[in-house]
Amino acid sequence: MEKLKSIDIPFDIHKIRAEFPILQTEVHGHPLVYLDNAATTQKPQVVIDSLVEYYTQYNSNVHRGVHHLSQLATDGFEAARRTAQQYINAGSESEIIFTKGTTDGINLVAQSFAKAFLKPGDSIIISAMEHHSNIVPWQIVCQQYGAELKVIPMDENGELILSEYDKLLNDRVRLVSLPYVSNSLGTVNPVDLIIEKAHKSDIPVLLDSAQAIQHLPIDVQKLDVDFLVFSSHKVFGPTGMGILYGKEKWLDLMPPYQGGGEMIKTVTFEKTTYNELPFKFEAGTPHIEGAIGLDAALKYTQSIGLENIQKYEALLYQYAIEQLSTIDSLRFIGQAKHRAGAVSMMVGDIHPFDMGEILDKLGIAVRTGHHCTEPVMNFFKIPGTIRASFSFYNTFEEVDRLVTGIKRAKAMLS
Ligand code: PMP
């Protein structure tokens with residue numbers, strides 16, 4: 001494994017780490033080891049600079065001003081839309097809608113799609129490994145419209161049981177919504193196959209890509225996915241910003257989610273006509289600096305290259321699994337063949353929270369708990385897990401520090 005550390009690394013990891021100011025800091029007297037990237041990622045200097053530049057040089061509202069600053073702000077905002085379009089290879093800018101994040105994007109589709117298409121007796125399919133944000137919005141609309149929520153089960157490895165999925169597909173299913181990558185198990189779902197099966201029955205698919213966008217190259221046209229959502233903060237951009245991709249043919253048929261400025265063409269007291277896509281779904285002053293920061297973040301990520309990131313992270317992930325496996329009584333929660341990003345584990349019967357607290361004192365940031373996936377924890381009959389989640393700026397040495405930290409905590413807690 002020593003050999004792995006020096007070969008095949010497709011970028012200069014030290015240069016990359018130097019671009020993230022927070023990675024130079026210390027926590028409790030130790031150099032920070034940040035392994036909570038599934039919760040949120042750190043920001044490179046170029047993203048931080050883009051926000052400062054916006055506020056110091058062209059802060060202004062977008063779309064409605066003829067003055068210079070407003071034009072600059074509009075240009076920056078709309079450039080971000082084009083960058084996002086290109087990043088996921090969407091066919092048109094009108095298919096890129098700015099949201100507050102993954103949760104907001106799912107709520108938008110749930111409310112608007114259900115209003116147009118969901119009838120009593122219909123069903124929506126989700127999976128056993130959902131983040132709460134891909135459960136609750138669908139529960140709400142199913143209650144509103146008298147529809148049923150159905151769940152693709154998973155096995156002990158944390159892999160979806162596709163033969164059961166086949167059985168759920170029928171002509172009352174209106175939509176399938178599932179995660180590309182699970183945030184608590186790391187499972188990368190076979191989304192091509194899942195989409196293909198749904199499309200055979202003309203059922204659209206939404207991919208929650210909150211945990212995929214920073215790890216895998218995504219091509220919405222190749223996937224032929226109908227809706228795809230992600231959060232900017234999971235891909236090195238600011239919080240409060242996200243993207244909803246939707247095929248124009250669906251978005252055109254869906255009513256606005258919220259009313260207000262920007263989303264209208266004309267308003268009288270009697271009648272309003274709605275704006276065209278994508279603005280129909282963007283009521284009110286948007287998160288302008290969020291879009292500008294996201295633009296910088298996506299460009300930065302592209303400059304490193306998703307293929308390079310994927311290659312490096314696969315080596316790092318493999319190394320982490322191998323090294324963590326040397327810890328007595330450690331068991332992995334989720335052992336799917338294809339995994340990325342997050343590694344979930346339990347050590348003996350030590351409560352994940354106690355382990356997390358000791359690791360924190362050693363400067364190691366991991367997440368403990370249910371990770372907003374309570375049904376996953378219920379399935380495995382555990383209160384929560386210790387989750388280490390990686391990014392391309394993490395190193396093999398940091399994996400070593402995690403392993404040493406867990407061994408030390410285990411000795412203290414056993
Ligand atoms: N889905 C998944 C798979 C996630 O990991 C997360 C964030 N943990 C979300 C949805 C929600 O993302 P946000 O809180 O940014 O809306």
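How far does a polar side-chain atom of His233 lie from an oxygen atom of the ligand? The distance is 2.7 Å. Keep in mind as you explore that this is a predicted model.

**Around the ligand**

His233 has company. A polar side-chain atom of Gln211 lies 2.6 Å from an oxygen atom of the ligand, and one of His131 lies 3.3 Å from a ligand nitrogen atom. On its own, the ligand has 400 Å² of accessible area, and the protein covers 85% of that. Here is who surrounds the ligand: Thr102, Thr103, His131, Ser133, Asn183, Asp208, Ala210, Gln211, Ser231, His233 and Lys234. Sorted by class, this shell has eight polar residues, two charged ones and one nonpolar one.

**Aromatic rings**

Next, the aromatic side chains. The structure holds 20 aromatic pairs. Take Phe11 and Phe392: their ring centres are 6.1 Å apart and their planes meet at 75 degrees, over the cut-off of 60, so this pair is edge-to-face. The two rings come from distant parts of the chain, 381 residues apart. Phe11 sits in the loop between helix 1 (2-6) and helix 2 (13-18), while Phe392 sits in the loop between strand 17 (385-389) and helix 15 (396-413). Both Phe11 and Phe392 are buried. They also belong to a cluster linked by ring pairs, whose other members are Phe20, Phe236, Tyr300, Tyr312, Tyr319, Tyr393 and Phe396.

**Salt bridges**

Charged side chains pair up too, and the count comes to 17 salt bridges. Three of them are listed here with their closest N to O distances.

| Residues | N to O distance |
|---|---|
| Lys15 and Glu19 | 3.4 Å |
| Glu164 and Lys167 | 3.0 Å |
| Glu196 and Lys200 | 3.9 Å |

Glu164 and Lys167 both belong to helix 7 (residues 162-168), where they are three residues apart, about one turn of the helix. Glu196 and Lys200 are both in helix 8 (residues 191-200), four residues apart, again about one turn.

Are the lysines of these bridges buried or exposed? Lys15 is exposed, because its relative accessible area of 53% is over the 50% cut-off. Lys167 is exposed at 60%, and Lys200 is exposed at 66%. Their glutamate partners are partly exposed: Glu19 has a relative accessibility of 25%, Glu164 has 29% and Glu196 has 44%.

Salt bridges can also join into a network, as they do for Asp36, Arg367 and Arg387.

Notes:
Residues are numbered from 1 along each chain as its sequence is written. This is a predicted model: local features need pLDDT of at least 70, side-chain atom pairs count only at pLDDT 80 or more; totals for chains, interfaces and linings use all residues. Side-chain values use heavy atoms; hydrogens and water are left out. A residue is near a molecule or strand if one of its heavy atoms lies within 4 Å of it. A polar contact is a pair of N or O atoms within 3.5 Å; within protein, one must be able to donate a hydrogen and the other to accept it, and residues adjacent in sequence count only if both atoms are side-chain atoms. Accessible areas come from the Shrake-Rupley method with a 1.4 Å probe; for residues, only the protein chains shown count as cover. Ala, Val, Leu, Ile, Met, Phe, Trp, Tyr, Cys and Pro count as nonpolar, Asp, Glu, Lys and Arg as charged, and the others, Gly among them, as polar. Rings of Phe, Tyr and Trp (its six-membered ring) pair if their centres lie within 6.5 Å; planes under 30 degrees apart count as stacked, over 60 as edge-to-face and the rest as tilted. Helices (H or I, at least four residues) and strands (E, at least two) are DSSP runs, numbered from the N terminus. Buried means under 20% relative accessible area, exposed over 50%, partly exposed in between (1.4 Å probe, protein chains only). A salt bridge is a side-chain nitrogen of Lys or Arg within 4 Å of a carboxyl oxygen of Asp or Glu.
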